[in-house]
Amino acid sequence: MTIAIDEDRLSETFAALANSTRRAILARLAEGAATVNELAEPFEMRLPAVSKHIKVLERAGLVVRGQRAQYRPCALDATPLEAVSTWAEQYRPVWEARFDRMDDYLKQLRPQREAPVHDE
């Protein structure tokens, strides 16, 4: 079964997820909304650099910005991750078959246990 996926959107999502700083920002946002200052705390980088990472995540649709007066919290939008999950899921039969073959091979490598000898 082939699933229709927006390839451009998927590529943009993967590009955003390719960076460990952006993945860390998403992990933090999974706990709840945060300001840029709050998101920048664990990183040794200036606010403009963190803002650039957030902009990449926004373009990929993974982050949305709120608007409360001057307070603009960032929040996670996991919708693009569903497309990533759907894309990866189509390969599940392939990797499960490979794991099954590996399991069979490992069983072959194990030495056969000898039958216990019973003294009468």
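**Figure 1. Contacts and secondary structure along the chain of the predicted model.** Among contacts in the chain between residues at least 6 apart in sequence, 53% join residues at least 24 apart. The chain has six helices and two strands, which follow one another along the sequence in the pattern α-α-α-α-β-β-α-α. Of the 120 residues of the chain, 23% count as buried, while the accessible surface comes to about 9,200 Å², with 52% of that area belonging to carbon and sulfur atoms.

**Figure 2. The aromatic pair of Phe-14 and Trp-87.** The structure holds two aromatic pairs. In the one formed by Phe-14 and Trp-87, the ring centres lie 5.3 Å apart and the planes meet at 75 degrees, so the pair is edge-to-face, given that planes over 60 degrees apart are classed in this way. The pair links distant parts of the chain, since Phe-14 belongs to helix α1 (residues 7-17) and Trp-87 to helix α5 (residues 79-89), with their positions 73 residues apart in the numbering. Phe-14 is partly exposed, at a relative accessible area of 32%, and Trp-87 is likewise partly exposed, at 29%.

**Figure 3. The aromatic cluster and the nonpolar surface patch that contain Tyr-91.** Ring pairs join Tyr-91 with Phe-14 and Trp-87 into a cluster. Tyr-91 also contributes to a nonpolar surface patch of about 780 Å², which is made by this residue together with Val-94, Trp-95, Phe-99, Met-102, Tyr-105, Leu-106 and Leu-109. Within the patch, Phe-99 is found in helix α6, which spans residues 92-109.

Terms used. Residues numbered from 1 in each chain as written. Predicted model: local features only at pLDDT ≥ 70, side-chain atom pairs only at ≥ 80, totals over all residues. Heavy atoms only, no water. Phe/Tyr/Trp six-rings, centres within 6.5 Å; stacked < 30°, edge-to-face > 60°. Helix = DSSP H or I, 4+ residues; strand = E, 2+ residues; numbered from the N terminus. Buried < 20%, exposed > 50% of the residue type's maximum accessible area, 1.4 Å probe, protein only. Patch = residues over 30% accessible without salt bridge, like charges linked within 9 Å, V, L, I, M, F, W, Y side chains within 5 Å. Areas by Shrake-Rupley, 256 points an atom, 1.4 Å probe, with all protein chains shown as cover. Salt bridge = Lys/Arg side-chain N within 4 Å of Asp/Glu carboxyl O. Contact = heavy atoms within 4.5 Å.
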